[in-house]
Amino acid sequence: MSLVASLHRRFAHLVRELAKFGSVGAIAFVITVVIGNGLHTGLGVGPLTSNGVATVVATTFSYLANRYWTFRHRDRTGLGREYVLFFALNGVGLVITELFIGFSHYVLGLDGAVFYNIALIIGTGVATLFRFWSYKKWVFLPSTAPSVAPASGLPEAPGAEGAGIHRAGDRPAPRLGHPLDAPAENYTGNYAEI
């Protein structure tokens, strides 16, 4: 087996996920650029407000496309939990992009559509790296993750029945125990028994 075939087999799933994520991101970026430029250069709205409004619209599109296309094979932990986390993490991404735009406009004094778009592209690129990592870590959980209570967004206690994540497949949800759930005598000796 060649090294390339081995790497392809190992990372094919990640490559497909990245391609889908990139496609959704490209469309969301176009939405951001069109609305942001329309507000900033067309209507004279400030650069940060323009980008903020455009990002909220693009984020709504991005959530739906990522949930139902890019990460559809991952567990569903409740629309409310996912949506709130998705928007919170996009808020961090927005702050990253706003820092680039604000620095360009207010610190460097670079005004105009060209400089706005350069700062937008660079800021969006940095924010996109953060978004991909954070969505996989906190929003669209892998199918092997512990169940999450929809009301709190926290992992459920071991052995809890009922509410939890809705699995992408028909596999039962694995339950991961917490070391503090084990009897006290296990803490002093053999950790393999925990």
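# Notebook: a four-helix chain

**Entry 1. Overall layout.** I read the elements from the N terminus on, and they run α-α-α-α. The model is a predicted one. I counted secondary structure next: the protein chain has 4 helices and 0 strands. I noted where each helix sits. H1 covers residues 3-42. H2 covers residues 47-70. H3 spans 79-107 and H4 spans 113-139.

**Entry 2. The chain as a whole.** I looked up burial for the 194 residues of the protein chain, and 34% count as buried. The accessible surface comes to about 11,100 Å². Carbon and sulfur atoms account for 70% of that surface. Then I checked contacts between residues at least 6 apart in sequence. Of these, 65% join residues at least 24 apart.

**Entry 3. Ile27 and Ser62.** I picked a residue in H1, Ile27. Is Ile27 buried or partly exposed? Its relative accessible area is 45%, so Ile27 is partly exposed, as this value falls between the 20% and 50% cut-offs. I then looked from Ile27 to Ser62, which is 35 residues away along the chain. Their C-alpha atoms are separated by 8.3 Å.

Ser62 lies in helix H2. Ser62 has 9% relative accessibility, so Ser62 counts as buried. What does Ser62 touch, not counting residues up to four places away in sequence? I found Val24, Ala28 and Phe86.

**Entry 4. Ala28.** I moved to Ala28, which is also in H1. Ala28 has a relative accessible area of 9%, and this is why I marked Ala28 as buried: the value is under 20%. I left aside neighbours within four places in sequence and listed the contacts of Ala28. They are Ala58, Phe61 and Ser62. I also took a distance to Ala65, C-alpha to C-alpha. Ala28 and Ala65 are 37 residues apart in sequence and 9.6 Å apart in space.

**Entry 5. Ser50.** I went back to helix H2 for Ser50. How much relative accessible area does Ser50 have? The value is 0%, so Ser50 is buried. I wrote down what Ser50 touches, not counting residues up to four places away in sequence. The list is Gly36, Leu39, His40, Val45 and Tyr116.

**Entry 6. Arg67.** Another residue of H2 is Arg67. Is Arg67 buried or exposed? Arg67 has 1% relative accessibility, so Arg67 counts as buried. I then looked for a partner far along the chain and took Val139, 72 residues from Arg67. The C-alpha atoms of Arg67 and Val139 are separated by 9.4 Å.

**Entry 7. A nonpolar patch.** I turned to the surface. Which residues form the nonpolar patch? They are Val95, Leu99, Phe100, Val114, Phe115, Ile118, Ile122 and Val126. Together they have about 700 Å² of accessible area. Helices H3 and H4 each supply at least two residues of the patch. H4 gives the largest share, 5 residues.

I checked one patch member, Val95, which is found in helix H3. Val95 has 47% relative accessibility, so Val95 counts as partly exposed. A patch residue needs over 30% relative accessible area, so the 47% of Val95 passes that cut-off.

**Entry 8. The largest pocket.** I asked for the volume of the largest pocket, and it is about 280 Å³. Its lining has 19 residues. Which of them are the closest to the pocket centre? They are Gly25, Ala28, Thr124, Thr128 and Arg131. H1, H2, H3 and H4 are the elements that give two or more residues to the lining. I had met Ala28 before, as a buried residue of H1.

**Entry 9. Cavities.** I searched the whole structure for cavities of 30 Å³ or more and found 2. The largest cavity has a volume of about 50 Å³. What lines the largest cavity? I listed His40, Pro47, Ile101, Ser104, His105, Leu110, Asp111, Gly112, Phe115, Tyr116 and Ala119. H3 and H4 each supply at least two residues of this lining.

I cross-checked names with earlier entries. Phe115 of the cavity lining is also in the nonpolar patch. His40 and Tyr116 of the lining are also touched by Ser50.

Conventions: Residues numbered from 1 in each chain as written. Predicted model: local features only at pLDDT ≥ 70, side-chain atom pairs only at ≥ 80, totals over all residues. Heavy atoms only, no water. Buried < 20%, exposed > 50% of the residue type's maximum accessible area, 1.4 Å probe, protein only. Patch = residues over 30% accessible without salt bridge, like charges linked within 9 Å, V, L, I, M, F, W, Y side chains within 5 Å. Areas by Shrake-Rupley, 256 points an atom, 1.4 Å probe, with all protein chains shown as cover. Salt bridge = Lys/Arg side-chain N within 4 Å of Asp/Glu carboxyl O. Contact = heavy atoms within 4.5 Å. 1 Å grid on protein atoms, 1.4 Å probe; cavity = no way out; pocket = protein on both sides within 12 Å on 5 of 7 lines; lining within 4 Å. Points joined across faces, edges and corners; volume = space filled by probe spheres on them.
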